[in-house]
Number of protein chains: 2
Amino acid sequence: MLASCIVDLTHAFGPGQPRWSGFHDEQRESALSMENDGISADYHRLVGSWGTHVDAPAEMIPGGRTIDQLSPAELVLPLAVIDLSAAVAADPDRCLQWEDVKRWEADHGPIPSGSFVALRTDWSQRWPSQEAMRNLDGDGVAHTPGWTLEALRHVIVERAATAIGHETIDTDPGVYTSTDALSGTLPREDTRRQYACEAYVLDHDRYQVELLAHLDRVPALGAHIVVGVGKAHGGTAFPARVLALCPP
Amino acid sequence: MLASCIVDLTHAFGPGQPRWSGFHDEQRESALSMENDGISADYHRLVGSWGTHVDAPAEMIPGGRTIDQLSPAELVLPLAVIDLSAAVAADPDRCLQWEDVKRWEADHGPIPSGSFVALRTDWSQRWPSQEAMRNLDGDGVAHTPGWTLEALRHVIVERAATAIGHETIDTDPGVYTSTDALSGTLPREDTRRQYACEAYVLDHDRYQVELLAHLDRVPALGAHIVVGVGKAHGGTAFPARVLALCPP
């Protein structure tokens with residue numbers, strides 16, 4: 001047996017769900033109907049970064065690899081889950097620090113080389129409320145957790161993680177991304193500043209998964225993750241079916 | 001280690017690829033650009049049955065399960081591959097018979113309960129040519145291989161397979177589906193007659209994967225398949241990333 005249990009780390013996607021404010025909602029249109037054709041089929045118009053999805057290096061790095069250029073071996077990885085949920089419950093602006101990673105390693109040993117490192121915040125339990133996911137204050141600033149460059153450097157450079165993932169819409173905390181990111185028309189320098197953590201991941205030729213679900217149902221270490229991302233030729237991002245296989 | 005090798009059974013998808021004639025081609029439109037925004041993102045408009053994809057029971061069965069209602073346990077299965085490629089090379093209308101399944105079982109033992117049964121025809125090597133995939137004769141009749149109801153009855157009812165898959169656009173052979181299927185506006189009775197094998201699969205609450213690739217690279221028995229289908233809420237079909245994990 002390959003796994004003792006299989007945990008679905010994926011939100012079902014559809015119109016009206018939480019999304020990055022610069023993107024349009026998903027649109028659906030009937031292609032064939034049960035009544036007229038005996039077959040039910042729909043067209044979906046959606047942005048690549050839709051629901052639980054993969055961002056490939058090409059999303060922010062000129063000449064970076066696209067979704068279809070990720071190798072199959074990069075899509076099936078040992079899964080390490082770092083739990084920051086208690087701290088985030090107390091402070092939604094809380095970000096993963098290097099100290100948090102060190103504390104995890106004190107309990108579980110060094111993050112295995114070639115892992116998928118997932119940041120658990122239980123933020124996914126706010127889905128499907130766009131308002132709760134974005135958590136704006138009166139000034140329009142989002143209070144959502146994220147990564148720090150220090151933690152990413154440790155995970156990606158020192159521990160040679162193959163990919164990372166999180167439950168929020170962005171890698172970076174809301175206090176950075178929401179300053180004036182919501183217009184959808186950022187000058188390029190601002191994009192790099194506000195999305196510094198995401199750019200760091202992609203610039204190291206790594207991919208990431210955003211809007212993961214149910215990380216509370218998998219062990220801190222021992223499971224494998226399978227990232228079944230749609231193989232869009234030349235795509236920079238696409239929805240993925242992400243499954244965790246628990247150890248047999 | 002979870003697997004000794006990982007084989008990608010998925011075609012990359014994009015505009016211009018082979019498709020069922022009643023569906024529109026994929027359309028892409030820029031959402032954000034590297035030049036203006038520092039981020040490259042596209043909208044995709046595509047039919048659920050696009051590229052290597054899953055068909056859920058709801059595609060042809062009123063009240064049947066949709067894509068998001070398939071359980072995670074149904075997406076990770078032992079893989080049995082029945083090789084009909086030599087016979088199809090000699091006769092493109094060749095369909096999988098009960099006798100073929102019996103011959104496979106004489107070599108490998110009974111198909112394990114709960115398997116994913118894939119029909120290998122090497123038809124996927126005609127991708128990405130729509131003309132070669134459809135293989136029309138002068139009268140507009142498609143000569144493409146398929147399943148038979150007898151073989152499906154054995155696989156699904158007697159061997160309790162959880163899902164099936166094939167390399168062609170349709171479960172049924174082209175000589176049935178192309179009679180007047182290309183208009184995209186079939187009366188419902190005709191749909192059920194021309195797509196009898198597909199309807200049989202879905203009517204038994206099973207799902208299927210179409211347009212699989214690289215079945216020539218996996219063993220007849222011993223690998224596992226992971227069907228990473230996009231989790232479209234209420235969807236009847238959606239592109240999937242399909243990986244085979246070879247035994248360690």
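In this predicted model, T177(B) belongs to helix α6 of chain B, which covers residues 174-177. With a relative accessibility of 6%, T177(B) counts as buried, the limit for that class being under 20%. Apart from neighbours within four places in sequence, T177(B) is in contact with D170(B) and D172(B), and also with Q194(B) and Y195(B).

A second buried residue of chain B is Q208(B), which is found in strand β10, residues 207-210. Its relative accessibility is 0%, and Q208(B) therefore counts as buried. Once neighbours within four places in sequence are left aside, the residues in contact with Q208(B) are H53(B), V54(B), D55(B), I164(B), H166(B), T171(B), E198(B) and V201(B). One of these partners, I164(B), is 44 residues apart from Q208(B) in sequence, yet the two C-alpha atoms are 4.9 Å apart in space.

Two of the contacts of Q208(B), E198(B) and V201(B), lead to helix α8 of chain B, where both are among the buried residues. This helix is mostly covered, six of its eight residues being buried, namely C197(B), E198(B), A199(B), Y200(B), V201(B) and L202(B). Just after the helix, D205(B) takes a positive phi of about 60 degrees.

Which helix of chain B packs with α8(B) at an angle of about 15 degrees? The partner is α5(B), residues 149-158, and the axes of the two helices, the other spanning residues 196-203, are 10 Å apart. Because angles under 35 degrees count as roughly parallel, α5(B) and α8(B) are described as roughly parallel to each other, and α5(B) passes α8(B) in a right-handed crossing. On the side of α5(B) the contact is made by L149(B), L152(B), R153(B), I156(B) and V157(B), while α8(B) contributes A196(B), C197(B), Y200(B) and V201(B). By class, the residues of this contact divide into eight nonpolar and one charged, with no polar residue.

In chain A, helix α5 (residues 149-158) can be followed through its contact with helix α3 (residues 98-108): the axes of these two helices come within 7 Å and cross at roughly 40 degrees. At that angle α3(A) and α5(A) are therefore oblique to each other. The contact is formed by W98(A), V101(A) and E105(A) of α3(A) together with E150(A), A151(A), H154(A) and V155(A) of α5(A), and its residues comprise four nonpolar, one polar and two charged.

The buried residues of α5(A) are A151(A), L152(A), H154(A), V155(A) and I156(A). Besides α3 of chain A, these buried residues pack against the strands β6 (95-96), β7 (116-120), β8 (146-147) and β9 (163-166), and against helix α8 (196-203) of that chain. After α5(A) comes A160(A), whose phi is positive, near 55 degrees.

The largest nonpolar core has 148 residues, and those that touch the most other members are F116(A), Y207(A) and V227(A) in chain A and F116(B), Y207(B) and V227(B) in chain B. Taking F116(A) as the example, and not counting residues up to four places away in sequence, its contacts include L77(A), P78(A), L79(A) and A80(A), as well as A163(A), I164(A) and G165(A). F116(A) also touches Y207(A), V209(A), L212(A), I225(A) and V227(A).

Some backbone features deserve a separate look. Most residues other than glycine have a negative phi, and most peptide bonds are trans. In chain A, however, the peptide bond from W127(A) to P128(A) is cis, with omega near 5 degrees, and P128(A) is placed in the loop between β7 and α4 (130-134). In chain B, a cis peptide bond joins W127(B) and P128(B), with omega about 5 degrees, and P128(B) lies in the loop between β7 (116-120) and α4 (130-134). The loop between β7 and α4 of chain B also holds D122(B), which has a positive phi of about 60 degrees although D122(B) is not a glycine. N135(B), in the loop between α4 and β8 (146-147) of chain B, likewise has a positive phi, near 55 degrees, and with 22% relative accessibility N135(B) counts as partly exposed.

Finally, M1(B) is found in the segment before β1 (6-8) of chain B, and at 81% relative accessibility M1(B) counts as exposed. The C-alpha atoms of M1(B) and P248(B) are separated by 6.8 Å, although the two residues are 247 residues apart along the chain.

Note on methods. Residues are numbered from 1 along each chain as its sequence is written. Chains are lettered from A and ligands numbered from 1 in the order in which they are written. This is a predicted model: local features need pLDDT of at least 70, side-chain atom pairs count only at pLDDT 80 or more; totals for chains, interfaces and linings use all residues. Side-chain values use heavy atoms; hydrogens and water are left out. A nonpolar core is a set of buried Ala, Val, Leu, Ile, Met, Phe, Trp, Tyr and Cys residues joined through side-chain atoms within 4.5 Å. Buried means under 20% relative accessible area, exposed over 50%, partly exposed in between (1.4 Å probe, protein chains only). Contact means heavy atoms within 4.5 Å. Axes are lines fitted to C-alpha atoms, for helices over the stretch in contact, and angles run from 0 to 180 degrees between N-to-C directions. Helices (H or I, at least four residues) and strands (E, at least two) are DSSP runs, numbered from the N terminus. Angles under 35 degrees count as roughly parallel, over 145 as roughly antiparallel, 65 to 115 as roughly perpendicular and the rest as oblique. A crossing is left-handed if the near helix is turned anticlockwise from the far one by less than a right angle, and right-handed if clockwise. Ala, Val, Leu, Ile, Met, Phe, Trp, Tyr, Cys and Pro count as nonpolar, Asp, Glu, Lys and Arg as charged, and the others, Gly among them, as polar.
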